[in-house]
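Student: Got a minute? I'd like to talk through this model with you.

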Amino acid sequence: SRNALGAQPVKPQMELIDSATDLQSLHQLFASPQFAGIPDLFNVSVSPDPDDSSTAVYYLAGPALGLPDVTYYEGDTQAHLAAQQAYRDAAVALFQLIGYTPEQAQQAAANAYAFEATLASKMLSPVDAQDFSVIDNPTPVAVLQQMYPLLDWEAYIEAAGGRADGSTIVINSEVELLSNLAQ
C-alpha cells in the first residue's frame with residue numbers, strides 16, 4: 001500500500017516546508033505549532049536539571065543529521081566515503097519518488113548534503129557530546145536570542161509545547177553551532 005500511496009501521506013508536511021521561501025519564513029515556520037514534531041535545525045527536549053534533579057530544564061541540541069554522526073561528514077576513509085555516497089544516492093532516489101526530475105533530484109541531494117556537512121562541521125563530536133562538562137551550558141533564552149537572533153526563541157519553545165521567557169534557562173549543548181549558525 002505504501003507504493004500505491006507514494007508521497008501522498010507526507011504531502012501536507014512537504015507543502016508546509018515548501019511554504020518557507022526565505023530564511024525569515026523558514027524561522028517563522030520553525031516557531032509555528034504546525035511544524036511541531038517535524039525535524040529542523042534544533043532538538044529541544046526536557047530533562048532533569050543537572051544541578052537540581054527535582055526540577056526540569058530545556059535542553060537544546062543540534063539537528064538530527066542523515067548520517068550517523070558528524071565524523072561521517074568529515075571522514076575520508078573508504079568506509080566514510082562509501083557512506084557519504086550511499087547517503088547522497090538515497091537522497092536522490094527519495095527526491096525522485098516525490099516527483100523531482102533526475103537533475104532536480106541530483107541538485108537537491110547535493111544541496112542537502114552540503115548543508116548538513118556545513119552544520120556537522122560546527123557540531124560536537126560524538127565524544128564531546130557525551131562529556132557533560134562540554135554540553136552543560138545553562139543559557140537564558142535572552143542570550144540564545146542574542147546568539148542567533150534570526151529565530152524567535154520564545155515562540156520556538158512554545159511551539160514545541162513548552163513555556164519560555166527571556167529568563168528561562170536552556171542547557172545549550174551546541175554553543176559553537178549556534179554561535180556560527182547565522183553564517
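Tutor: Sure, let's go through it by topic.

Student: Before we start, what kind of model is this, and how are residues numbered?

Tutor: This is a predicted model, so to speak of local features a pLDDT of at least 70 is needed, side-chain atom pairs count only at pLDDT 80 or more, and totals for chains, interfaces and linings use all residues. Residues are numbered from 1 along each chain as its sequence is written, and side-chain values use heavy atoms, with hydrogens and water left out.

Student: Okay, what secondary structure does the protein chain have?

Tutor: The protein chain has 11 helices and four strands. Helices (H or I, at least four residues) and strands (E, at least two) are DSSP runs, numbered from the N terminus.

Student: And what box do the C-alpha atoms fill?

Tutor: Along the principal axes, roughly 50 × 40 × 35 Å.

Student: How do the strands go together in the sheet?

Tutor: The four strands form an open sheet with mixed pairing, in the order 1-2-4-3. Strand 1 (43–49) and strand 3 (138–140) are the edge strands, each pairing on one side only. From one strand to the next, the twist averages 40°. Two strands pair if DSSP finds at least two bridges between them; for the twist, axes are lines fitted to C-alpha atoms (for helices over the stretch in contact), and angles run from 0 to 180 degrees between N-to-C directions.

Student: Do strands 1 and 2 run parallel or antiparallel?

Tutor: Antiparallel, with seven bridges joining them. A hairpin through two residues links strand 1 to strand 2. Asp49 has Asp52 as its bridge partner in strand 2, and Pro48 has Ala56.

Student: What about strand 2 and strand 4?

Tutor: Strand 2 (residues 52–61) and strand 4 (residues 169–172) run parallel and are joined by three bridges. Tyr58 is the bridge partner of Val170 in strand 4, while Leu60 stands opposite Asn172.

Student: Switching to helices: which residues of helix 3 are buried?

Tutor: In helix 3 (residues 23–30), those are Ser25, His27, Leu29 and Phe30. They pack against helix 2 (11–18) and helix 10 (153–159). Buried means under 20% relative accessible area, exposed over 50%, and partly exposed in between (1.4 Å probe, protein chains only).

Student: How much of the whole chain is buried?

Tutor: Buried residues make up 33% of the 183 residues. As for contacts (heavy atoms within 4.5 Å), residues 24 or more positions apart account for 57% of those with a separation of 6 or more.

Student: And at the start of the chain, is Ser1 buried or exposed?

Tutor: Ser1 counts as exposed because its relative accessibility is 77%. Ser1 sits in the segment before helix 1 (2–5), and its C-alpha atom is separated by 25 Å from that of Ile17, 16 residues apart along the chain.
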